[in-house]
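Please open the model in the viewer and keep the sequence panel in view. The tour moves from one selection to the next and states what is found at each stop.

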Amino acid sequence: QVQLEESGGGWVQAGGSLRLSCVAPGRAFISYTMGWFRQPPGKEREFVASITRTGSTIYATSVKGRFTISRDVTKTTLYLQMNNLNPEDTAVYYCAAGWLGGTQRGEYDYWGQGTQVTVSS
């Protein structure tokens, strides 16, 4: 079992920034692709960004150029820097880890509990 714990969510005005963190076991960074998903109110969980073991990244079109995924292997922590936030970014954000680790939920094996991000206009 891989325990993932997110933090850093909160409330921010449109145009503002937040940085999410996800602490994971060391072996997660060695073995898995790490990703961020989000679930807006009343909608399905959707892919946001991912980073492979070798550092390759993928972003959803809706966040490209505004969000940056990164990781610190020494701290076994995954980050999501979110800039120029807008109300459509309001969602519960989830950290995930998986062997396949693409853009689909089913490609991830482990999930955190989520952290709420609320962006007001």
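Begin with the cysteines: the structure contains one disulfide, a term that here denotes a pair of cysteine sulfur atoms within 2.5 Å. Select Cys22 and Cys95, whose sulfur atoms are 2.1 Å apart. The disulfide is left-handed because the torsion about the S-S bond of Cys22 and Cys95 is about -75 degrees. Cys22 belongs to strand S3 (residues 18–23) and Cys95 to strand S9 (residues 91–98), so the pair ties together parts that are 73 residues apart in sequence. Strands (E, at least two residues) are DSSP runs, numbered from the N terminus.

The model is predicted: local features need pLDDT of at least 70 and side-chain atom pairs count only at pLDDT 80 or more, while totals for chains, interfaces and linings use all residues. Residues are numbered from 1 along each chain as its sequence is written, and side-chain values use heavy atoms, with hydrogens and water left out.

Are the two cysteines buried or exposed? Cys22 is buried, at 0% relative accessibility, and Cys95 is buried with a relative accessible area of 0%. Buried means under 20% relative accessible area, exposed over 50%, and partly exposed in between (1.4 Å probe, protein chains only).

**The sheet that includes S3**

Next, display the open sheet of four strands, which has the order S1-S3-S8-S7 with antiparallel pairing. Strand S1 (5–7) and strand S7 (67–72) stand at the edges with a single partner strand each, so one side of each is left without a neighbour in the sheet. On average, neighbouring strands of this sheet are turned by 20 degrees against each other, direction ignored; the axes behind such angles are lines fitted to C-alpha atoms, for helices over the stretch in contact, and angles run from 0 to 180 degrees between N-to-C directions.

Now select S3 together with strand S8 (residues 77–82): the two pair in the antiparallel sense over six bridges. Two strands count as paired if DSSP finds at least two bridges between them. To locate one such bridge, select Leu20, whose partner in S8 is Leu80.

Within S8, select Thr77, which is buried with a relative accessible area of 7%. A polar atom of the Thr77 side chain lies 2.9 Å from the backbone oxygen of Lys75. Not counting residues up to four places away in sequence, Thr77 touches Ser21, Cys22, Val23, Phe29, Ser70, Arg71 and Asp72; contact means heavy atoms within 4.5 Å.

**Glu6 in S1**

Move to Glu6, which is placed in strand S1. Glu6 is buried, with a relative accessible area of 10%. Which backbone nitrogens lie by polar atoms of the Glu6 side chain? The backbone nitrogen of Gln113 lies 3.1 Å from a polar atom of that side chain, and the backbone nitrogen of Gly114 lies 2.9 Å from a polar atom of it. Residues up to four places away in sequence aside, Glu6 also touches both cysteines of the disulfide, Cys22 and Cys95, and its contacts include Trp36 and Tyr93. Measuring C-alpha to C-alpha in the viewer should place Glu6 and Leu20 7.0 Å apart, although they are 14 residues apart in sequence.

**Strand S9 and its partners**

Finally, select S9. Seven of its eight residues are buried, so S9 is largely enclosed by the rest of the structure. Three partner strands can be shown one after another:

- Strand S4 (residues 33–39) runs antiparallel to S9 and is joined to it by seven bridges; Trp36 has Cys95 as its bridge partner in S9.
- Strand S11 (residues 115–120) pairs with S9 in the antiparallel sense over three bridges; the partner of Ala91 in S11 is Val117.
- Strand S10 (residues 110–111) runs antiparallel to S9, joined by two bridges; the partner of Ala97 in S10 is Tyr110.

End at Tyr93, which lies in S9 and is buried, with a relative accessible area of 0%. Its side chain makes a polar contact with the side chain of Arg38 (3.0 Å). A polar contact is a pair of N or O atoms within 3.5 Å; within protein, one must be able to donate a hydrogen and the other to accept it, and residues adjacent in sequence count only if both atoms are side-chain atoms. The side chain of Tyr93 also reaches the backbone oxygen of Asp89 at 2.6 Å. Tyr93 and Arg38 are 55 residues apart in sequence and 4.2 Å apart in space, C-alpha to C-alpha.
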